[in-house]
Amino acid sequence: MRVWILAFLCGLASGLCGPGSAGPAAARDIHVAPGAPGAEADGAVQRPFPSIAAAFAAGVRGGDRLLLAEGDYGAVSISGLRADPPLRIEPAPGAAARPRLQSLSIAAASGVEVAGLLVEGGSGGPHAPLVTIGSDARDILLERLIIRSAAGHETWSAAQWRERARSGVMIDGTRVELRGSRIGAVRHGVVARGPEVRVLGNLVDGFSGDGMRGLGDAGLFEGNGVQNCVKVDDNHDDGFQSWSRGSDGRSGGGVVRGVTVRGNTIRSYAEAPGPLTCALMGVSLFDGMFVDWLIEGNVVEVDTLNGIVVLGGENVRVIGNLVRNRTAGAERTPQITISAHKDGRAGGGNLIAGNRAQAINTGRSRKSMAIDPRATEVRDNLRLAPLR
């Protein structure tokens, strides 16, 4: 079941959408319960609408709250909604379980807040996102969601991961905020391609691709956790990854500007490695250019050489991070690297300072990526011994 919610004519920005409304009206609490009788439904707690679509069809206004009773709401797509103040969708007070959406898509919309729901399962091929925010959406808030392909992924085989894992959140819109959510049993956790995206205080726990991707300008990734990566194919697995895109769409041909990656914890596994634990890389910026980035105060615990890597940086500051191996006695220990772009562009004005790491590399040891060491200032770092 897919529910399409179209609001092209509602005039939500002025609060003019609703039965018999002649002008701005007070915001309301509108109750929804799957399968409720629809004949006399008006959104009151005693007479809830039977579906989200029915509530929209009856009229909603900016500032309203859609309060969802427990139950299954199917695949929900919201399009054409412009709300100021925002329209909020969240569980009804006292709901015994989180209302469940099979998937959520928001496009051509602004001023939508979705909180406290379970987004699980749904149709679509492997890797299709469970939550999609289109490029024509802006000013969207997603908070305290649980997003997963299915429950019980801890016992999946590699074949089951390849068959069942969808991706978590795909954000192409502008000024979208994802916060306080838990994302698991997914291919990629969060992919943020739009500008000014904020990803705050989320946990990606159980993934077979990349934990997070930050591909848009002026993004903020702060206070997130990424852990429990599994290896099920030949993907290059990263806790956080970025790359630029040129006008032809090919990687490495453009610039990603002004991104902050602060206070995140990236670990190959949470407690103990499992049979599918991947060789996770930490913060991987492989196809610059990357301009005016701040990578600060992160904890990166992985068992590969790539702890924090920037290939093609200008005014990139790597400050106050902890980078070390996750497993005592690991064959490889991670390092902090700033080096040239793969095509030889050197960048400059970079800083590596105040970090605790097992190794720091400014590219001089890589013949194909050698740069003038003066392009990166290195100071006040503490070299750690590998965990034994």
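Start by selecting Cys229 and Cys278: a disulfide joins them, with the sulfurs 2.2 Å apart (the cut-off for a disulfide is a pair of cysteine sulfur atoms within 2.5 Å). Before moving on, note that this is a predicted model, where local features need pLDDT of at least 70 and side-chain atom pairs count only at pLDDT 80 or more, while totals for chains, interfaces and linings use all residues. Residues are numbered from 1 along each chain as its sequence is written, and side-chain values use heavy atoms, with hydrogens and water left out.

**The disulfide**

Stay on the pair for a moment. The torsion about the S-S bond of Cys229 and Cys278 is about 120°, so you are looking at a right-handed disulfide. Now colour by secondary structure (helices are DSSP runs of H or I with at least four residues, strands are runs of E with at least two, and both are numbered from the N terminus). Cys229 sits in strand 21 (residues 225-229), and Cys278 in the loop between strand 25 (265-267) and strand 26 (281-287), so the bond ties together parts that are 49 residues apart in sequence. Switch on a surface and check both ends: are they buried or exposed? Cys229 is buried, at 2% relative accessibility, and Cys278 is buried too, at 6%. Here buried means under 20% relative accessible area, exposed means over 50%, and partly exposed is in between (1.4 Å probe, protein chains only). A search of the whole structure finds one disulfide, so there is no second one to hunt for.

**The aromatic cluster**

Next, select Phe221, Phe240, Phe290 and Trp293, which form one aromatic cluster. The structure has four aromatic pairs, counted when rings of Phe, Tyr and Trp (its six-membered ring) have centres within 6.5 Å; planes under 30 degrees apart are stacked, over 60 edge-to-face, and the rest tilted. Zoom in on Phe221 and Phe240: their ring centres are 4.9 Å apart and their planes at 75°, so this pair is edge-to-face. Phe221 belongs to strand 20 (residues 220-222) and Phe240 to strand 22 (residues 238-243), so the contact ties together parts 19 residues apart in sequence. Phe221 is buried at 2% relative accessibility, and Phe240 is buried at 2% as well. Swing over to Phe290 and Trp293, another edge-to-face pair, at 5.5 Å centre to centre and 85° between the planes. Both Phe290 and Trp293 are buried.

**A charge over a ring**

Now pick Tyr269 and look at its face. What lies over it? Arg326 does, at 5.0 Å from the ring centre (the rule wants NZ of Lys or CZ of Arg within 6 Å of the ring centre and within 35 degrees of the ring normal).

**A loop residue**

Jump to Leu305, in the loop between strand 29 (299-301) and strand 30 (306-311). At 37% relative accessibility, Leu305 is partly exposed. Show its neighbours: not counting residues up to four places away in sequence, Leu305 touches Arg332, Thr333, Pro334 and Gln335, with contact meaning heavy atoms within 4.5 Å. For a distance label, try Leu305 to Asp210: they are 95 residues apart along the chain, and their C-alpha atoms are separated by 17 Å.

**Zooming out**

Finish with the whole chain, which has two helices and 39 strands. The C-alpha atoms fill a box of roughly 75 × 45 × 35 Å along the principal axes. Of the 388 residues, 54% are buried. Among contacts with a separation of 6 or more, 65% come from residues 24 or more positions apart.
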